[in-house]
Amino acid sequence: MEALETFVVESAVPDEAEAYRSIVADVISELMLGGAIGRIRIVLRPEDSLFQMAILLRGSQPPVRLVDVASLGYGVMERKEVKISIREEKYLPKLLEKLWARYGRGQVLQPERNTLIVRQDQDPEKEIISLESMLIADPKESLQSRLIEMAIRSTPEGFRVRYHAMKENSFIFVASEDTLKPEWIQQAHQMLAELQEVQ
C-alpha cells in the first residue's frame, strides 16, 4: 500500500484503534486505493455504536474519452464506415458496450483484436467527431464505488445505518447500529475540515 500522508484511527480503547487501523489498511490495499487516498481519519465510539470516517483524496483523474484511447479514421467510404484503432485494450469491453448501444451489435465489427469497424448512415466525418468525444470511463464513479465498499468493509459488524458523501476530493462516511444523529454527520464534516488543515 502506498504510504498515506495521514492515517489516524481514534478510539477510547487503544487496542481497538490499532486493530481497526490494521483492518482498514488491509481493505485499502485489497481495493488498491492507496494511490487515491491522501489523508484518512477514523473515529470509533463503541459507547454510541458510532463509526465515522473522513478521507481527503490525492486528486481525481479526468474522464476518459474515446479519442484518449483510440485513433479514429475512415473505413470503406462507400459504406460510410468508421474505423477505430484501439491503443489501450483495457477499455475495449466498455467501448463495445457503448457502440452496441448506439449502433446495434450487427453494425459493429471487430476484424482484428484492436480494430473496430462501425457501419452507420451518417456523414463519416461528423460521426468521427462525435465519437471522439464519447465518454468511455469516468474514474470518479469507479473511485466512489470502491470508497463505499472500503468504508462498508471497515465498519463494525451490525452498523447498517449509513451515510456517505463525496465531493471533488473528499469522502465522508458515518455508520451506526442506531438512527444517525445530525451532529454525528456534522462531526464527520468537521473531521474532514481538520484533515484539510493538516500541513
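**Close-up views of a predicted model**

**View 1. The S7–S8 pairing in the predicted model.** Leu109 has Ile117 of S8 as its bridge partner. Three bridges join strand S7 (residues 108-112) to S8, and the two strands run antiparallel. S7 and S8 form a hairpin. Two residues lie between them.

**View 2. Strand S8 and its pairing with S6.** Strand S6 (residues 81-86) is joined to S8 by five bridges. These two strands are antiparallel. Ser85 stands opposite Thr115 in S8. Strand S8 covers residues 115-119, and four of its five residues are buried, so S8 is largely enclosed by the rest of the structure. Buried here means under 20% relative accessible area.

**View 3. The open five-stranded sheet.** The strand order is S1-S2-S3-S11-S10. The pairing is mixed. Strands of a sheet pair through backbone hydrogen bonds, either parallel or antiparallel. Strand S1 (6-11) and strand S10 (161-167) stand at the edges. Each has a single partner strand, so one side of each is left without a neighbour in the sheet. Neighbouring strands of this sheet are turned by 5° against each other on average, direction ignored.

**View 4. The S10–S11 edge of the sheet.** Strand S11 spans residues 170-176 and is joined to S10 by seven bridges. The two strands run antiparallel. Lys167 has Ser170 in S11 as its bridge partner.

**View 5. Helices H1 and H5 against the sheet.** Helix H1 (residues 14-30) packs on the sheet. H1 touches S1 and strand S2 (37-45). The direction of H1 makes about 140° with that of S1. Helix H5 (residues 139-154) lies across four strands: S2, strand S3 (50-57), S10 and S11. H5 runs at about 150° to S3.

**View 6. The largest pocket and its lining.** The volume of this pocket is about 580 Å³. Its lining holds 23 residues. Which of them are closest to the pocket centre? They are Gln61, Asp138, Pro139, Lys140 and Ser142. Helix H3 (92-103), strand S9 (135-137) and H5 each give two or more residues to the lining. H5 gives the most, with six residues. How do the lining residues divide into nonpolar, polar and charged? Ten are nonpolar, five are polar and eight are charged. H5 thus links two views: this helix lies across S2, S3, S10 and S11, and it also contributes six residues to the pocket lining.

Notes:
Residues are numbered from 1 along each chain as its sequence is written. This is a predicted model: local features need pLDDT of at least 70, side-chain atom pairs count only at pLDDT 80 or more; totals for chains, interfaces and linings use all residues. Side-chain values use heavy atoms; hydrogens and water are left out. Two strands pair if DSSP finds at least two bridges between them. Axes are lines fitted to C-alpha atoms, for helices over the stretch in contact, and angles run from 0 to 180 degrees between N-to-C directions. Contact means heavy atoms within 4.5 Å. On a 1 Å grid over the protein atoms alone, a cavity is a set of points where a 1.4 Å probe fits but cannot get out, and a pocket is an open set with protein on both sides within 12 Å along at least five of seven lines; lining residues have an atom within 4 Å of a point. Grid points are joined across faces, edges and corners, and a volume is the space filled by probe spheres set on the points. Ala, Val, Leu, Ile, Met, Phe, Trp, Tyr, Cys and Pro count as nonpolar, Asp, Glu, Lys and Arg as charged, and the others, Gly among them, as polar. Buried means under 20% relative accessible area, exposed over 50%, partly exposed in between (1.4 Å probe, protein chains only).
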